[in-house]
Amino acid sequence: MTPQLSLHEEVASALADGDPVVALESTILSHGLPPGRNLDVARRLEKVVRDGGAVPATIAVLDGVPLIGLTGEQLERVCAPGADLDKLSLRDIGPAVGLGRSGATTVASTAALAAAARIGMFATGGLGGVHQGAAQSWDVSADLGVLAKVPTTVVCSGVKSVLDIAATLELLETNSVPVLGYRTGEFPAFYLRSSGFEVPWRVDDAAQAAAVIAAHRAHADSGVLLANPIPEASEMDRELHDRLLAEGLELLKSQGVHGKEVTPVLLEHFHTASGGVSLDANEALVLSNAALATEVAVALAGNAA
């Protein structure tokens with residue numbers, strides 16, 4: 001265990017006892033949801049994990065210290081209006097720690113910090129991926145590279161449809177990251193239950209997912225992607241989604257937005273132009289993913305007992 005990690009007492013105790021722990025990222029709170037709603041969702045996420053029988057470990061960097069599990073006061077700080085936290089991918093953790101900065105962790109940095117703390121299960125909203133035009137721009141999310149190197153299972157609702165989904169799935173295959181569809185044979189596209197692309201493997205309950213994850217860990221060092229479609233009742237109307245996506249892509253082009261700023265700008269457009277529909281969808285899918293991650297973490301802990 002690196003001494004630069006600070007584990008919440010509850011998280012440290014659960015890990016020492018072999019109890020299930022579920023990591024949660026903080027970028028969705030600081031950059032993905034508006035103030036007020038973000039704190040409500042943060043608390044609900046932790047409650048979902050607790051109610052399911054696991055310990056939540058929301059991860060962030062505050063004043064140069066990577067925190068694995070936050071106190072109530074720290075969670076409020078991450079979600080506070082005007083908190084102005086940096087958005088920290090894995091490449092940014094060293095500078096943030098070295099300079100004593102504060103920031104919210106993305107999928108890449110959360111997965112890596114969770115792995116460093118020996119937490120194998122992580123729930124989030126959506127995974128980053130290969131951007132359109134990446135053959136020229138080389139714009140590929142660090143999430144994919146990190147999953148190739150750390151044994152973290154990421155439970156998410158696929159990737160956003162703005163990405164090159166075929167290329168994303170191909171790169172996951174190249175990096176030996178198994179992609180499991182939860183009760184589906186189709187890869188989800190965040191607000192939509194299906195992207196039109198198949199998943200190579202399907203699991204139908206937490207026990208099956210746990211069995212696959214345990215077997216993979218015995219044979220490989222890479223992570224696992226468990227793709228959980230947004231709940232059917234919360235799926236965005238496809239016509240509305242396609243219109244917002246077209247508008248969002250034009251906005252990105254006109255403003256010259258690229259790299260890590262793409263997702264926040266696109267999400268903001270969806271949230272504003274949909275009249276809150278996308279916010280409701282975002283909340284529903286991340287809560288669903290936290291519940292599923294907890295089920296699988298509990299099943300894995302039971303198998304190990």
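This passage walks through two annotated residues and then the salt bridges of a predicted model.

The UniProt record, an unreviewed entry, lists Glu25 and Lys160 under "active site". Of these residues, Lys160 is included in the lining of the largest cavity. Take Glu25 to begin with: it sits in the loop between β2 (21-24) and α2 (27-30). With a relative accessible area of 8%, Glu25 falls under the 20% cut-off, so it counts as buried. Leaving aside residues up to four places away in sequence, Glu25 touches Thr58, Ile59, Thr105, Thr106, Val107, Thr110, Phe122, Ala123 and Thr124. There is also a local polar link here, with the side chain of Glu25 reaching the backbone nitrogen of Thr27 at 3.4 Å.

Lys160, for its part, is found in the loop between β8 (153-156) and α9 (165-174). Lys160 is buried too, at a relative accessible area of 15%. Its contacts, again not counting residues up to four places away in sequence, are with Ile165, Phe190, Thr263 and Leu267.

Now for the charged pairs. Side chains of opposite charge can pair when their charged atoms come close. In this model the count comes to twelve salt bridges. One of them joins Arg37 to Asp280, where the closest N and O atoms are 2.6 Å apart. Because Arg37 belongs to helix α3 (residues 37-51) and Asp280 to helix α13 (residues 277-304), this pair ties together parts that lie 243 residues apart in sequence. Both ends are partly exposed, Arg37 at 25% relative accessibility and Asp280 at 45%.

Another salt bridge brings together the side chains of Glu283 and Arg44, at 2.1 Å from N to O. This pair likewise links distant parts of the chain, with Glu283 in helix α13 and Arg44 in helix α3, 239 residues apart. Here the two ends fall into separate classes: Glu283 is buried, with a relative accessible area of 11%, whereas Arg44 is partly exposed at 36%.

A third example is the salt bridge between Arg77 and Asp63, whose closest N and O atoms are 2.9 Å apart. Arg77 lies in helix α4 (residues 72-79) and Asp63 in the loop between β3 (55-62) and β4 (65-68), so the parts tied together are 14 residues apart in sequence. Arg77 is partly exposed, with a relative accessible area of 35%, and Asp63 is partly exposed as well, at 49%. Elsewhere, shared partners knit salt bridges into one network made up of Arg37, Asp40, Arg44, Asp280 and Glu283.

Technical notes. Residues are numbered from 1 along each chain as its sequence is written. This is a predicted model: local features need pLDDT of at least 70, side-chain atom pairs count only at pLDDT 80 or more; totals for chains, interfaces and linings use all residues. Side-chain values use heavy atoms; hydrogens and water are left out. UniProt positions are given in the numbering used here, feature names are shortened, and annotations may be inferred rather than shown by experiment. On a 1 Å grid over the protein atoms alone, a cavity is a set of points where a 1.4 Å probe fits but cannot get out, and a pocket is an open set with protein on both sides within 12 Å along at least five of seven lines; lining residues have an atom within 4 Å of a point. Helices (H or I, at least four residues) and strands (E, at least two) are DSSP runs, numbered from the N terminus. Buried means under 20% relative accessible area, exposed over 50%, partly exposed in between (1.4 Å probe, protein chains only). Contact means heavy atoms within 4.5 Å. A polar contact is a pair of N or O atoms within 3.5 Å; within protein, one must be able to donate a hydrogen and the other to accept it, and residues adjacent in sequence count only if both atoms are side-chain atoms. A salt bridge is a side-chain nitrogen of Lys or Arg within 4 Å of a carboxyl oxygen of Asp or Glu.
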